[in-house]
Structures are given as structure tokens and as C-alpha cells.
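Please open the model in a viewer and keep the sequence panel visible beside it. The stops below are arranged so that each selection leads to the next.

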Amino acid sequence: MTENMYLALDFPTWDEAKHFIDENNFHGIPVKVGMELFYREGPDLIERLKQDNHNIFLDLKLHDIPATVGKAMKNLAKLGVDIVNVHALGGSEMIIQAKEGLLSGNVSGHETKLIAVTVLTSMDDEMMNNELMIQGKVQDNVLHFADFAKKNGADGVVCSVHEAMRIKDVCGPQFLTITPGIRLQESDNNDQKRVATPSFARENKADILVLGRTITNAQDPKAAYKKVLEEWGNGNKS
């Protein structure tokens with residue numbers, strides 16, 4: 001069931017990412033590529049991963065004026081990744097143009113899913129209210145962002161596991177929920193505020209889990225990855 005699990009390649013260079021993949025025999029599993037690695041290595045990195053049969057979530061969280069995001073997405077569509085994302089805070093017109101850019105840039109017939117980031121899982125109510133001056137509870141704002149993202153062409157959202165079930169209720173079962181902040185019981189939360197175990201994610205209707213430091217910081221990453229798969233598949237807690 002690895003199609004539900006994207007391993008975050010949060011490494012500064014391709015050499016380090018490749019070493020981690022090789023050392024743990026993670027060839028061909030779905031991976032997430034973020035800003036740190038993509039900005040260092042560029043589009044060639046995507047080609048290397050595709051040659052190794054990885055599905056790819058390109059996690060760049062675009063957030064700019066609608067025309068700029070639309071043009072950027074038209075270029076990104078040519079890479080043939082499986083998922084890309086934008087910040088929902090960019091607004092409805094930005095999401096519309098992002099989707100149009102993906103569709104117009106697709107020359108191979110490959111469908112790239114457009115995902116909107118709702119509220120970062122590093123945020124809580126206090127930070128959102130006091131620093132960003134966005135009022136209300138995190139979960140209520142996540143539902144608002146998910147609803148208007150769907151209405152403007154997004155295929156799903158990045159959210160906390162804690163919001164996934166309510167998003168399904170509002171946006172329907174086909175609307176994707178991609179959930180970072182996944183931790184095994186023995187893992188540290190690091191800078192994530194709204195974390196959850198794989199079994200909790202399954203119970204709460206998450207579609208895709210993003211696995212970061214709970215795997216990459218583990219003493220035995222391969223064993224930790226297997227444990228996540230088992231917990232997700234069986235619904236058993238670690």
C-alpha cells in the first residue's frame with residue numbers, strides 16, 4: 001500500500017538523498033520533494049527520480065499573484081509529477097489559474113493533481129490568531145480553505161490528520177486529504193503541532209501520508225517505514 005505513503009526527501013543535496021534511498025532500499029517508493037532539494041538540484045532531480053520509478057509529490061507551496069502562479073504551473077506540468085501544491089491563502093483566482101496552468105502545460109496526457117495547503121501543521125490557534133491575525137480556530141479555517149479550494153479546481157488539500165474527516169464531510173469522499181505530521185509513538189514531534197500516528201490517520205480518513213523525520217531520523221529507517229505500513233494496513237497502534 002505504498003501508494004498512500006510519500007517519503008519526504010528533506011535533504012540538502014541529491015547525493016545525500018540518493019545515499020538514503022540506496023542505503024535503505026527505498027527505490028521506487030513515492031517521495032515528496034520540497035523546496036530545499038528542488039531549489040538546489042532543479043528539474044534534473046525529478047528526471048532522476050522518475051527513472052528510479054518514484055511517484056513524486058513536488059511540494060513547492062506556490063503563493064504569488066495568479067498570473068505568475070499560472071505560468072509557473074504550466075512549466076511544472078511538463079515535469080510529469082503526480083502532485084503539486086499551492087497555498088490556499090493565495091485566494092480563489094490563484095487556484096483557478098494554477099489549475100489552468102497545469103492543464104495547458106500537460107503535453108503527455110499525465111494528470112498532475114493540484115493540492116492546496118490549508119493551515120501549516122506547524123501552526124496552532126495562538127500563532128494563527130496573534131501572528132497572522134486570522135481569527136477563529138485552526139480547524140474552522142482549514143475547512144473554509146478546503147471548501148473554496150475545491151470550488152476553484154483543487155483536487156485536494158494538505159491538512160492535519162485531525163481535520164481530514166471533517167474535510168471529507170464538507171468536500172466529499174473523492175477530495176484528497178494529504179497529511180504530514182505523521183509520527184510513530186516513539187518519535188519526537190519536532191516543530192509539528194498537530195501530529196498523529198498512522199492508525200489515527202487511517203481512522204480519520206486521510207488518503208495520503210507524508211512521512212518525514214519519523215523515518216529519516218529513525219535509527220533503522222527501513223524498519224520504521226515498514227512499521228508505518230503495517231500500522232496503516234492493519235489499523236493497529238504502534
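Select helices α7 and α8 in this predicted model. Helix α7 covers residues 138-151, and helix α8 covers residues 161-171. The two pack at an angle of about 40°, and their axes lie 10 Å apart. An angle of that size is neither under 35 degrees nor within 65 to 115, and α7 and α8 are therefore oblique to each other. The crossing of α7 past α8 is right-handed.

Show the side chains where these helices meet. From α7, display V138, Q139, D140, V142, L143, A146, D147 and K150; from α8, display H162, E163, R166, I167, V170 and C171.

Keep I167 selected and display its surroundings. Which residues does I167 contact, leaving aside its neighbours within four places in sequence? They are V142, L143, A146, V157, C159, G172, F175 and T177.

Next, widen the selection to the interior. The largest nonpolar core has 66 residues, and I167 is among those with the most contacts inside it, together with L49, L58, M73, V86 and I215. Helix α7 supplies the largest share of this core, namely 7 residues. A second core, separate from this one, has 11 residues, including F57, I83, I208 and V210. In soluble globular proteins, nonpolar side chains tend to be buried together.

Now switch to a cartoon view and select the strands. Eight strands form a closed barrel in the order β1-β2-β3-β4-β5-β6-β7-β8, with parallel pairing. On average, and ignoring direction, neighbouring strands are turned by 25° against each other.

Focus on β4, residues 83-87. On one side, β4 pairs with β3 in the parallel sense over 3 bridges; F57 has I83 as its bridge partner in β4. Strand β4 is also joined to β5 (residues 113-117), again in parallel, by 5 bridges. Within that pairing, V84 is matched with L114 in β5.

Two helices can now be added. Helix α4 (residues 66-77) packs on the sheet and touches β3, β4 and β5, its direction making about 165° with that of β3. Helix α5 (residues 92-105) likewise packs on the sheet and touches β3, β4 and β5; its direction makes about 155° with that of β4.

Return to β4 and show its side chains. Are they buried or exposed? I83, N85 and H87 point one way, V84 and V86 point the other way, and all are buried. The strand is accordingly described as mostly covered, with 5 of its 5 residues buried.

Move on to the loops, beginning with I29, between α1 (14-24) and β2 (31-34). At 10% relative accessibility, I29 counts as buried, because the cut-off for that class is under 20%. Leaving aside neighbours within four places in sequence, I29 contacts L7, H54, N55 and Y225. Select E3 as well: 26 residues separate E3 and I29 along the chain, yet their C-alpha atoms are 7.6 Å apart.

Finish with two backbone details. Most residues other than glycine have a negative phi. Select N53, in the loop between α3 (43-51) and β3: its phi is positive, near 65°, although N53 is not a glycine. N53 is exposed, with a relative accessible area of 61%. Then select M133, in the loop between α6 (125-130) and α7. M133, also not a glycine, has a positive phi of about 60°, and M133 is exposed at a relative accessible area of 60%.

Definitions and conventions: Residues are numbered from 1 along each chain as its sequence is written. This is a predicted model: local features need pLDDT of at least 70, side-chain atom pairs count only at pLDDT 80 or more; totals for chains, interfaces and linings use all residues. Side-chain values use heavy atoms; hydrogens and water are left out. A nonpolar core is a set of buried Ala, Val, Leu, Ile, Met, Phe, Trp, Tyr and Cys residues joined through side-chain atoms within 4.5 Å. Buried means under 20% relative accessible area, exposed over 50%, partly exposed in between (1.4 Å probe, protein chains only). Helices (H or I, at least four residues) and strands (E, at least two) are DSSP runs, numbered from the N terminus. Contact means heavy atoms within 4.5 Å. Two strands pair if DSSP finds at least two bridges between them. Axes are lines fitted to C-alpha atoms, for helices over the stretch in contact, and angles run from 0 to 180 degrees between N-to-C directions. Angles under 35 degrees count as roughly parallel, over 145 as roughly antiparallel, 65 to 115 as roughly perpendicular and the rest as oblique. A crossing is left-handed if the near helix is turned anticlockwise from the far one by less than a right angle, and right-handed if clockwise.
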